[in-house]
Amino acid sequence: MRISIFGMGYVGAVSSACFAELGHEVVGVDLNPQKLEAIAAGRSPVVEAGVAERIAKAHADGRVRATQDAAMAVATTDLSLVCVGTPSNAKGELSLGAVDAVVGEIGRAIAKKDGSHTLVLRSTVVPGTTEDRVAPALEHASGRTLGQGLELAFNPEFLREGSAVRDFYAPPFTLAGSASPGGAEQVRRVYEGVEAPFHAVSCRAAESVKFLSNAFHAVKIVFANESGALLKDLGVDAREALELFCKDRSLNISSAYLKPGGAFGGSCLPKEIRAFMALAGDRNVAMPMIENVMASNVRQKERAFEIVAKHGRGRVALFGLAFKPGTDDLRESPYVDLAERLLGKGYEIAIYDEALEVGRLMGANREFIEREIPHLDELLVRDPKRVLEGADVLVVAHAPASVIDLIAEHHGGRPIIDLSGVPALRRIEGASYEGLSW
Ligand SMILES: NC(=O)c1ccc[n+]([C@@H]2O[C@H](COP(=O)([O-])OP(=O)(O)OC[C@H]3O[C@@H](n4cnc5c(N)ncnc54)[C@H](O)[C@@H]3O)[C@@H](O)[C@H]2O)c1
């Protein structure tokens with residue numbers, strides 16, 4: 001393909017070198033004359049392993065050139081990759097000045113062109129930017145409608161400086177968020193030759209994944225560093241402990257616990273976070289992120305309550321009370337918290353939990369629930385059909401498939417609030433469905 005790449009910074013330079021190596025014809029566009037001179041002389045505008053030799057080779061083969069003339073670059077290519085910077089402004093937002101300027105230039109150049117053209121945004125932008133800001137600006141400047149000789153996609157860049165070329169050829173996946181019917185297909189064509197799973201998704205999903213990834217990487221670094229500070233103070237080699245920690249690929253380094261849903265609870269997580277914090281407090285070790293984990297968990301419990309409260313002070317049917325299905329452990333269950341809040345605010349509730357029989361609760365579990373909800377036995381109903389009767393809102397923390405079927409059959413158009421992401425609930429027809437974080 002003939003590709004114009006706007007922005008010859010780290011992302012643009014690496015993309016130029018690698019797309020040219022894949023056999024595309026690349027035109028680099030930048031405002032900075034020194035960067036253009038570098039490309040024109042077959043040199044890399046940035047220092048990054050593997051880029052200089054690839055630019056030199058592509059230049060010698062006539063597959064890369066550079067220009068300041070955006071209109072010419074668009075006129076002589078089929079697709080433009082936008083890789084300009086989106087630095088922070090004073091409020092912490094991403095500055096979109098360069099993106100806006102380049103989108104306008106590309107649009108005006110498309111207006112003067114006969115053939116179709118595709119714009120692929122690679123600069124990092126917040127979810128919604130491609131569809132809500134770039135799409136209308138591009139349509140306005142080009143005088144075309146998306147899908148009619150004009151395609152638009154968002155393709156996030158996941159490379160890391162220092163290993164960018166390696167990352168380019170072995171990405172975890174390629175994401176193409178389509179803002180127009182043929183957007184993703186154009187991205188697929190550009191990446192032919194890169195062996196990686198290809199996902200055609202919505203623009204908002206692709207934009208979100210870029211943010212989630214960087215936020216998660218930052219959270220991982222802070223987790224390791226905060227833990228390291230405490231472990232060092234305790235005389236433990238944090239590198240050894242974290243190396244062992246990472247060997248658990250089923251729970252620690254895995255997708256476990258990465259599904260948005262109810263707050264955490266149960267007999268271990270809250271207790272042990274508190275103990276970790278008490279230890280850090282005794283030793284004066286600051287751990288601002290882990291310290292705030294409990295506050296964040298409380299916020300998630302409040303969100304669950306707020307969603308139920310939106311429906312007014314009616315009668316609530318709550319399915320699932322234990323902190324997870326298949327156990328009768330009620331200790332620090334977020335759903336006990338929800339039931340308590342509802343009762344405290346004067347709601348009437350009926351609860352169904354398959355695994356729960358008040359008479360069989362004992363020990364610390366019994367003491368906990370007697371303290372939190374003293375008359376639980378009056379609220380627990382053994383027959384799920386009876387829980388549905390007379391309820392105004394149906395709240396599902398967890399429930400067996402048979403009970404989900406019952407809800408599907410008897411919801412009668414009442415609101416269904418899904419606290420843990422039960423796929424079958426979302427598919428129920430005729431109900432007003434709302435998920436906790438979706
Ligand atoms: N650097 C990384 O490791 C990395 C990784 C993934 C994503 N990103 C994202 O990719 C984008 C680019 O990052 P970068 O590090 O390559 O930025 P950079 O600052 O190194 O380069 C941006 C380039 O855009 C050029 N530019 C600005 N306005 C222009 C215009 N109107 N026309 C043409 N060129 C223009 C600048 O002169 C500069 O050369 C950012 O949104 C960034 O967040 C960066």
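Ala, Val, Leu, Ile, Met, Phe, Trp, Tyr, Cys and Pro are counted here as nonpolar, Asp, Glu, Lys and Arg as charged, and the others, Gly among them, as polar. By these classes, the shell around the ligand comprises twelve nonpolar, eight polar and four charged residues. The structure is a predicted model, in which local features need pLDDT of at least 70 and side-chain atom pairs count only at pLDDT 80 or more, whereas totals for chains, interfaces and linings use all residues. Residues are numbered from 1 along each chain as its sequence is written.

Of the 24 residues around the ligand (C-beta atom, placed from the backbone, within 6 Å of it), G7, G9, G85, A98 and S123 come nearest. Two or more residues of this shell are given by each of α1 (10–21) and α5 (97–111), helices being DSSP runs of H or I with at least four residues and strands runs of E with at least two, numbered from the N terminus.

The largest nonpolar core, a set of buried Ala, Val, Leu, Ile, Met, Phe, Trp, Tyr and Cys residues joined through C-beta atoms within 7 Å, has 57 residues, and V14 and V82 have the most contacts inside it. Helix α1 gives the most to this core, with eight residues. Apart from it lies another core of 40 residues, including F323 and L342. A residue is buried if 20 or more other C-beta atoms, placed from the backbone, lie within 10 Å of its own, exposed if 12 or fewer, and partly exposed in between.

R2, in strand β1 (residues 2–6), counts as exposed because it has 12 C-beta neighbours inside 10 Å.
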